[in-house]
Amino acid sequence: MSKVKTLAEHLEYVEAVARLSFSYAWSVSSRLPDMELSDIIRRHTMLYYHILNLDADMPRQELQAVKAEDIAEFEELMWHACKDFIIEKASAFYPDSIGMPGYIQKPRYKWNCGSLKYDEPHAKLPGYCVFHIANGTAPRSIFDVPGHLLECFEKLLHDSEKEYGYQVLYTKTWLNDKEEFLYYFPEEWRQNRSSIDRNSLPSWNIGDWGQLITARGLLNPKTAAFLRQNGYLPYASRKAHCSFASMREHLKSIRARQADSWPPRP
């Protein structure tokens, strides 16, 4: 089993993500000419909420953008201007940060189905069970713990239908572009995925940025390098949906053959 990340490791990760966030914000600023760099960092990177435990809807003076001539200078000047504030906030948040055991059980998160969470009804998606994905098995991966995701999905279907009468499952995540995740869904889900849109910018949440984070809550260096080189994340965040009925049948088929081998192979 992977060891829990240390505070020193966490702060190295925080600096790397902060620098990457500053660099990325500069790189896409030409596509958002009416938005300040400070707001791009807040709205289109994971720095505020997932790294510093800040409200992404509330600007902070401590993260105000500085003037620079180019992307490299901006990254360097921003880090040195903000590092004391970032280190202070990240250090305080370390015990509850992504990758720490039990972090999704904290009051901040309110996950209700293990590594999954379903929302209250959305006015724009009536009857849809909108759900989210985290890692309740940290520092191990949710894909490496036998039966974990299967049990989470079974509970999600049962509990959300009982509470709200949901009959359609829905989410938007980068994992909809990853075969390990798609293994748990019927063909209907695959067919109902939205198309890949490289022109769409990520928001502030891990539905987009989770691919940068390892199971231990550290930075994936290959993904970070890809983003720096290409200006976009390797996995596209895609919407998908399917009926509860087809999802249940698919999960039953997995349950029937799960004893044959592990881990499952797409």
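**A quick tour: S246, a helix pair and helix α2**

Okay, let's start with a polar contact of 2.7 Å between the side chains of S246 and E188; a polar contact here is a pair of N or O atoms within 3.5 Å, where, within protein, one must be able to donate a hydrogen and the other to accept it, and residues adjacent in sequence count only if both atoms are side-chain atoms. Keep in mind that this is a predicted model, where local features need pLDDT of at least 70, side-chain atom pairs count only at pLDDT 80 or more, and totals for chains, interfaces and linings use all residues. Residues are numbered from 1 along each chain as its sequence is written, and side-chain values use heavy atoms, with hydrogens and water left out.

So where does S246 sit? In helix α10, residues 244-257; helices are DSSP runs of H or I, at least four residues, numbered from the N terminus. S246 has a relative accessible area of 17%, so it counts as buried (under 20%, with a 1.4 Å probe and protein chains only). Leaving out residues up to four places away in sequence, S246 touches P186 and E188, with contact meaning heavy atoms within 4.5 Å.

Next, a helix pair. α1 (residues 7-28) packs against α4 (residues 71-93) at about 140°, with the axes 9 Å apart. The axes are lines fitted to C-alpha atoms over the stretch in contact, and angles run from 0 to 180 degrees between N-to-C directions.

Last stop: helix α2, residues 37-44, where 7 of the 8 residues are buried. Those are L37, S38, D39, I40, I41, R42 and H44. They pack against α1, α3 (47-52), α4 and α8 (206-209).

Note on methods. Helices (H or I, at least four residues) and strands (E, at least two) are DSSP runs, numbered from the N terminus. Buried means under 20% relative accessible area, exposed over 50%, partly exposed in between (1.4 Å probe, protein chains only).
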